[in-house]
Amino acid sequence: MKNKINFLTILFLCISSLMVSSQNIQPSMMVLPYTKGGESALEIYENTKEYRAIIAGVEQAIIDRGGELQDLQRTISNAREQMTREGSKYKNIDDAINQNASSEITVAAEIDYHNTGKYIQFGIRLKAVETSTGAVVYPGKYFASPNFPYETNFQTVATNLLVYDSGDGVYIDQFLNGMQIGFTKMVKEGKPVTAIVLTDDNSSFLLNQEANDDYEMIADKIDEWVSSKAMNGNFRVESSSDNRLEMTVKIPMRDANDRPYSTKKFAKELRIAILKICAKSSSLMGDGEKPDASSMQENIDRGTIMLTMPSFR
């Protein structure tokens with residue numbers, strides 16, 4: 001009897017542990033400099049050692065709390081290589097970073113600092129956004145440091161201040177807790193994506209073209225496919241016409257193998273689905289000409305996907 005009780009106790013603890021871990025899935029993160037103005041935060045970061053030191057201090061504070069961070073310097077380097085290979089595909093380096101980053105959460109670090117030559121003071125606001133869509137996960141609060149001597153090590157000061165409890169709580173703990181709550185909610189409910197499918201001058205397949213003998217149109221089948229991918233039924237058609245279909249849908253944060261599921265991956269699956277729908281329409285209702293996958297134009301801007309209908313191969 002005693003052994004049975006011990007076994008049940010262990011089983012209960014294991015189940016409880018699994019439930020807790022599933023409710024608090026920790027995201028992979030990347031700290032990325034951010035500015036509200038027109039200036040490039042990455043340019044400031046690369047040209048200003050104090051700025052780099054503050055970012056490093058933020059990274060250290062997160063790592064000390066058990067956070068998993070993608071290396072920013074390597075991310076920037078990879079993005080530049082990607083732009084060299086496929087320059088026309090990206091608007092700027094920030095776009096290249098967002099489209100190719102493997103991190104699920106980008107910690108946007110907005111920093112301002114003042115240097116009088118005698119003392120230095122900085123302010124920081126951390127905001128957590130879902131990397132591939134740009135959806136805000138947690139807005140974060142503004143934190144201002146006291147004045148400290150110019151000779152002080154920036155990184156050490158930034159790390160120490162972010163983990164110091166001034167009476168209002170520890171800043172980095174408040175941020176990470178808020179981010180975790182927002183991320184867990186997004187894992188359960190999905191992340192928002194806008195998908196736009198339209199025809200252009202090269203499109204041989206049209207949205208208002210019959211898809212089958214049931215008098216369904218190609219647009220109906222695309223609508224049906226996107227709806228089937230929606231988490232918890234979160235899907236709606238925003239607008240529909242003969243040459244344009246716009247839909248909003250919440251897609252999973254992670255795939256069946258528990259790997260990050262990006263907007264880019266969803267766009268690929270949608271593109272393939274459209275090609276298959278068109279091929280079937282052609283075989284059933286047309287002369288069997290196959291669609292040309294390379295004729296489809298794709299544009300991804302954070303949480304918005306735009307695809308053109310294909311031409312004949």
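In which sense, left-handed or right-handed, does H3 pass H6? In this predicted model, the crossing of H3 past H6 is right-handed. The two elements concerned are helix H3, which covers residues 49-64, and helix H6, which covers residues 154-162; their axes come within 7 Å and cross at roughly 40 degrees. Two packed helices are described by the angle between their axes and by the distance between those axes. An angle from 35 to under 65 degrees counts as oblique, and H3 and H6 are therefore oblique to each other.

A mixed open sheet is formed by five strands, arranged in the order S9-S10-S8-S13-S12. Strand S9 (235-240) and strand S12 (298-301) stand at the edges of this sheet; each has a single partner strand, so one side of each is left without a neighbour in the sheet. On average, neighbouring strands of the sheet are turned by 15 degrees against each other, direction ignored. In a regular strand, the side chains alternate between the two faces of the sheet.

At one edge of the sheet, S12 is paired with strand S13 (residues 304-308) in the antiparallel sense, over four bridges. Asp 301 has Thr 304, in S13, as its bridge partner. The hairpin of S12 and S13 has two residues between the strands, and Arg 302 takes a positive phi near 55 degrees there.

Arg 302 also appears in the description of the largest pocket, which has a volume of about 420 Å³. This pocket is lined by 19 residues, of which Leu 32, Tyr 34, Asp 94, Asn 98 and Arg 302 are the closest to its centre. At least two residues of the lining are supplied by each of strand S1 (28-34), helix H5 (93-100), strand S3 (105-115) and strand S4 (119-130). By class, the lining of the largest pocket comprises seven nonpolar, five polar and seven charged residues.

The second largest pocket has a volume of about 280 Å³. Its lining consists of 20 residues, and those closest to its centre are Asn 98, Gln 99, Ala 101, Ser 132 and Ser 262. Asn 98 is thus named among the central residues of the largest pocket and among those of the second largest pocket. Two or more residues of the lining of the second largest pocket come from H5 and from helix H9 (263-285). The lining of the second largest pocket divides into five nonpolar, nine polar and six charged residues.

Enclosed space was examined as well. Rolling a probe the size of a water molecule over the atoms shows where empty space is left. A search of the whole structure finds one cavity of 30 Å³ or more. The largest cavity holds about 40 Å³ of space, and its lining is made up of Tyr 138, Gly 140, Lys 141, Tyr 171, Gln 174 and Phe 175. Helix H7 (residues 171-189) gives the most to this lining, with three residues. Three nonpolar, two polar and one charged residues are present in the lining of the largest cavity.

How values were computed
Residues numbered from 1 in each chain as written. Predicted model: local features only at pLDDT ≥ 70, side-chain atom pairs only at ≥ 80, totals over all residues. Heavy atoms only, no water. 1 Å grid on protein atoms, 1.4 Å probe; cavity = no way out; pocket = protein on both sides within 12 Å on 5 of 7 lines; lining within 4 Å. Points joined across faces, edges and corners; volume = space filled by probe spheres on them. Nonpolar A, V, L, I, M, F, W, Y, C, P; charged D, E, K, R; others polar. Pairing = 2+ DSSP bridges. Axes fitted to C-alpha atoms, helices over the stretch in contact; angles between N-to-C directions. Parallel < 35°, antiparallel > 145°, perpendicular 65-115°, else oblique. Left-handed = near helix turned anticlockwise from the far one by under 90°.
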